[in-house]
Amino acid sequence: MNRLTADDDLFLKLHDLYGNALVNQLAWRFDEPVHPEVLERFHAHLAHGFLARRVRSTAVPIARPWWTVAAESHPLTIETAPVPESGVLDWYFAQSRVDFDPRTGRVWRLSAAPTADGGMLLSLVTSHVGADGGAVLFAVGDALERLDSDAPVSIPASSGRLVAGDNGTASRRDHFADALGQLRAAARGIRAAIAARGVHEPERNPRPEEPRLDLPDQYTAAVAVVEVELAEWKAVAAAHQGTANGLMVGVAVGLLGRTGRLGEETVVRVDIPHSMRKPEDPRANATTGLPIAVPYRAGELTDLAHVRAAIKEAGKAYADPATTPALQHLQPVQMMLPRAVLGYFSRTAKAPECLCTNLGETGQAVATIGGYLARSVLMRPIVCTRETDMFRRLEVGLNLSWSSDGETVTLAITGADPDRFPTRAALHDYVAKEFAAWGLHPTFWS
């Protein structure tokens with residue numbers, strides 16, 4: 001059976017606690033309208049593919065929930081009112097306002113709108129419960145292949161066959177066997193955690209309480225989307241003894257420092273998601289995180305050689321259980337915690353200080369839909385509008401998401417500290433200054 005992973009379980013519990021606080025978005029910009037029939041066929045393939053999943057659970061204690069094929073989904077939405085150039089980012093953000101329900105399978109939504117200049121915007125938003133970035137790309141890639149080959153809609157012939165695993169149903173004996181397996185996994189995890197008690201992750205910096213701006217009760221994180229020529233990005237990275245990935249980290253640390261959130265000499269914890277997805281992988285979430293420590297010095301560019309070495313060392317450390325931090329070994333225990341207990345611990349939980357996601361050259365594989373080539377492709381997480389004080393309490397920081405189509409880098413930047421990024425204009429100003437310091441020439445999406 002395709003049982004939920006520890007990450008699936010954590011995102012499900014967080015969804016139950018906070019609703020749609022965080023969603024993923026894959027977005028396309030076309031210079032011409034995509035025919036509605038193409039969008040309908042694309043939607044139909046997605047509705048019978050890897051995203052078409054829902055959570056089932058059992059009354060047997062400790063036994064993990066599992067995935068089965070979903071019979072319903074949010075319908076395709078095609079708006080008629082043209083979106084002006086100045087409203088593109090607002091339209092994309094508005095698509096995150098959707099009620100997802102992992103238990104019915106409504107965990108994604110496809111929507112489109114014409115633009116004032118005759119083009120089209122297309123958005124696919126997904127719940128993190130049902131899919132990480134790699135799962136979304138796998139599902140979309142499979143749907144596009146079937147669309148291009150004019151294949152019929154089919155669960156058994158598409159990536160949808162992987163959702164339920166070898167058997168989408170289970171007996172009480174199966175559930176008791178899984179519960180026993182979980183108890184054994186928890187025991188192994190506790191022993192491993194005790195053995196690794198001397199291993200520590202880089203510490204995050206506490207969010208300074210000042211300044212505290214006079215802001216509304218609800219806060220929407222500031223967002224910027226910029227494009228840079230890939231050749232320029234790589235050239236700047238190489239000139240500073242770094243990589244394309246390292247330059248993203250360097251820019252992120254510099255941006256955070258410019259806000260005043262960091263001291264003049266601070267070691268910043270940067271979390272870097274790392275995909276563990278394999279071919280024909282049925283998991284919804286198959287991502288781990290590699291935290292690294294990056295020194296920040298006011299007025300200086302981030303040392304990309306250090307970033308490169310730190311990422312390499314983190315990869316080695318997390319590949320060996322003996323050098324993996326204790327908390328990572330306790331995931332089977334985490335899955336046993338009831339939602340109420342997780343809610344208690346979440347009161348003191350903190351969000352990443354700085355999160356940098358490298359999605360690679362993903363744009364090329366999903367840029368063409370039914371013969372229509374997108375001008376730009378963007379993939380990013382969206383932090384949804386919530387209480388301002390919640391962002392302060394969670395100490396949310398900065399989130400960068402990097403992707404490329406082989407020619408252009410598209411970088412989505414989300415500043416979610418209300419008192420450092422109170423407006424989109426404030427974030428734009430920091431981005432413009434940091435990019436100029438590196439010699440980068442960004443083009444901002446409106």
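Glutamate 434 touches Gly250, Val251, Gly254, Leu255 and Arg258, not counting its neighbours within four places in sequence; contact here means heavy atoms within 4.5 Å. Glutamate 434 sits in helix α14 (residues 424–438), and is buried, at a relative accessible area of 3%. Buried stands for under 20% relative accessible area, exposed for over 50%, and partly exposed for what lies in between (1.4 Å probe, protein chains only). Helices (H or I, at least four residues) and strands (E, at least two) are DSSP runs, numbered from the N terminus.

The model is a predicted one, where local features need pLDDT of at least 70 and side-chain atom pairs count only at pLDDT 80 or more, while totals for chains, interfaces and linings use all residues. Residues are numbered from 1 along each chain as its sequence is written, and side-chain values use heavy atoms, with hydrogens and water left out.

Next comes the sheet. Five strands make up an open sheet with mixed pairing, in the order β4-β5-β6-β1-β14. Since β4 (77–78) and β14 (376–383) are at the edges with a single partner strand each, one side of each has no neighbour in the sheet. Two strands count as paired if DSSP finds at least two bridges between them. At one edge, β4 and β5 run parallel and are joined by two bridges, with isoleucine 78 partnered by alanine 112 in β5. Six of the seven residues of β5 are buried, so to speak mostly covered. At the other edge, β1 (residues 22–30) pairs with β14 in the antiparallel sense over eight bridges, and arginine 29 has serine 376 of β14 as its bridge partner.

Two helices pack on this sheet. Helix α2 (residues 36–46) touches β1, β4, β5 (108–114) and β6 (120–127), and its direction makes about 170° with that of β5. Helix α4 (residues 133–148) touches β1, β6 and β14, and its direction makes about 40° with that of β1. Axes are lines fitted to C-alpha atoms, for helices over the stretch in contact, and angles run from 0 to 180 degrees between N-to-C directions.

Then there is the second largest pocket, with about 360 Å³ of space. A pocket is an open set of points on a 1 Å grid over the protein atoms alone, where a 1.4 Å probe fits, with protein on both sides within 12 Å along at least five of seven lines; lining residues have an atom within 4 Å of a point. The volume is the space filled by probe spheres set on the points. Of the 20 lining residues, Asp9, Lys13, Ala63, Pro65 and Met335 lie nearest the centre. Helix α1 gives the most to this lining, four residues.
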